[in-house]
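Reader: Hello! I am new to this structure and would like a close look at one part of it. Could you take me through it slowly?

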Amino acid sequence: MSETTGASYAAAGVDIEAGDRAVELMKEWVKKTRRPEVLGGIGGFAGLFDASALKRYERPLLASATDGVGTKVDIARRLGVYDTIGHDLVAMVMDDIVVCGAEPLFMTDYICVGKVHPERVAAIVKGIAEGCVLAGCALVGGETAEHPGLLGEDDFDVAGAGTGVVEADRLLGPDRIRKGDAVIAMASSGLHSNGYSLVRHVLLDRAGLALESEVAELGRTLGEELLEPTKIYSLDCLALTRTTEVHAYSHVTGGGLAANLARVVPDALHAVVDRSTWTPGAVFDLVGRTGDVERLELEKTLNMGVGMIAIVPELSTDVALATLADRGVDAWVAGEITERGDKETGAELVGDYAV
């Protein structure tokens, strides 16, 4: 009898056994994110979360968000470092959720690869699980999809979705903001996960810098700087709302500080942020100087050293700064809320950065 020559899933490039191996490797990391409300483990068709835990709320509002980490995954791929990109994913999702005052509850992930390398997929999930621990949420499930022919063997992308909960009468947002409120900036850990198309174009494509090269002003290699995980502020923001009055948060992501801050400022008011209150990290100057990028272009693309904003009553400023300092968060008063007047947008940066 002749050997079969029929087509098969494996011949088409999908390795089911490698996928199963990846699931086994990631199980230990997922367990570390477990919350009491989670039922079962990974491997089922759906993650289960016991909603009866929400009975303690009088009127629970569920908050949801979804995101990815953009072209930062290309840096991870080039360097062969896969266990940090998950921190970025959790930050992008859960720090959007905490902006409204919601407590992160659970998250799911989606990992798309050209070819399943079990250890590589497990490393990505390890980073996601570690990020979930930092955000206080559970990783209840996910999907690893193999797309041969569409992606190269080493190509991958990650995305995720999360859910949180907030009591209706504690919902934060524009309606709480008042004239005279203080704008408190929380330092970013670096570029975070936005603007990498510009960063890659300037530093790698145009300047031809090597990711392995030491950059004096950064104090480490370029690759190490570009892979610095996005800071996760979720638990810090929740701690702040427990210790003092907070009117709103703004997560500084794509679009920069002013554009994201404007999203939470009501129509009649205006946020003025003073650049002289901080000095952006060296990586921002490196991108700007190397690519001859104008300041306004940098500011609408990168976070410029501020990853999260809290808007609090002026009388809450001292307590807010002390709370964040106790949690190891570098924070400062960067501006205030004023009347809108004839301003076209809800927020602006003024002055020059400190040197």
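Which residues does L261 touch, not counting residues up to four places away in sequence?

Author: Happy to help! First, a word on what you are looking at: this is a predicted model, in which local features need pLDDT of at least 70 and side-chain atom pairs count only at pLDDT 80 or more, while totals for chains, interfaces and linings use all residues. Residues are numbered from 1 along each chain as its sequence is written, and side-chain values use heavy atoms, with hydrogens and water left out.

Now to your residue. Leaving out residues up to four places away in sequence, L261 touches V183, S250, A271, V273, I309, I311 and A347; a contact here means heavy atoms within 4.5 Å. L261 is also, together with F156, L222 and L226, among the residues that touch the most other members of the largest nonpolar core, which has 77 residues. A nonpolar core is a set of buried Ala, Val, Leu, Ile, Met, Phe, Trp, Tyr and Cys residues joined through side-chain atoms within 4.5 Å. Buried means under 20% relative accessible area, exposed over 50%, and partly exposed in between, with a 1.4 Å probe and protein chains only. A second core, separate from the 77-residue one, has 19 residues, including V99, Y233, M308 and L324.

To place this in the whole, the protein has 11 helices and 14 strands. Helices (H or I, at least four residues) and strands (E, at least two) are DSSP runs, numbered from the N terminus. Of its 355 residues, 52% count as buried. If you take contacts between residues at least 6 apart in sequence, 85% of them join residues at least 24 apart.

A helix makes a good next stop. In α9, the buried residues are V283, F284, L286, V287, G288 and G291, and their cover includes α5, β8 (214–215), α6 (222–226) and α10 (295–299). D285 and R289, also in α9, meet through their side chains in a salt bridge, 3.2 Å from N to O. That term stands for a side-chain nitrogen of Lys or Arg within 4 Å of a carboxyl oxygen of Asp or Glu. The two residues are 4 apart in the helix (residues 282–291), so about one helical turn separates them. An α-helix has 3.6 residues a turn, so residues three or four places apart point the same way. D285 is partly exposed at 46% relative accessibility, and R289 is partly exposed at 49%. Elsewhere, salt bridges with shared partners join D74, R77, R78, D155 and R200 into one network. Just after α9 comes D292, with a positive phi near 50°.

The structure holds 19 salt bridges. In one of them, K179 pairs with E339, the closest N and O atoms being 3.5 Å apart. K179 sits in the loop between β6 (156–167) and β7 (182–187) and E339 in strand β13 (residues 331–339), so this pair ties together parts that are 160 residues apart in sequence. Both K179 and E339 are exposed. In another salt bridge, E225 and R220 bring their closest N and O atoms to 3.0 Å. Here E225 is buried, at 9% relative accessible area, whereas R220 is partly exposed at 22%.

Loops can hold buried residues too. R275, in the loop between β11 (269–274) and α9, is buried with a relative accessible area of 5%. Its side chain makes a polar contact of 2.7 Å with the side chain of E299. A polar contact is a pair of N or O atoms within 3.5 Å; within protein, one must be able to donate a hydrogen and the other to accept it, and residues adjacent in sequence count only if both atoms are side-chain atoms.

T244 belongs to the loop between α7 (234–243) and β10 (248–251) and is buried at 14% relative accessible area. Beyond four places in sequence, T244 is in contact with S316, V319 and A320, and its side chain makes a polar contact with the side chain of S316 at 3.1 Å. T244 and A320 are 76 residues apart along the chain, while 6.6 Å separates their C-alpha atoms.

Last comes H192, in the loop between β7 and α5 (196–206), which is buried at 1% relative accessibility. The side chain of H192 reaches the backbone nitrogen of K231 at 3.4 Å.
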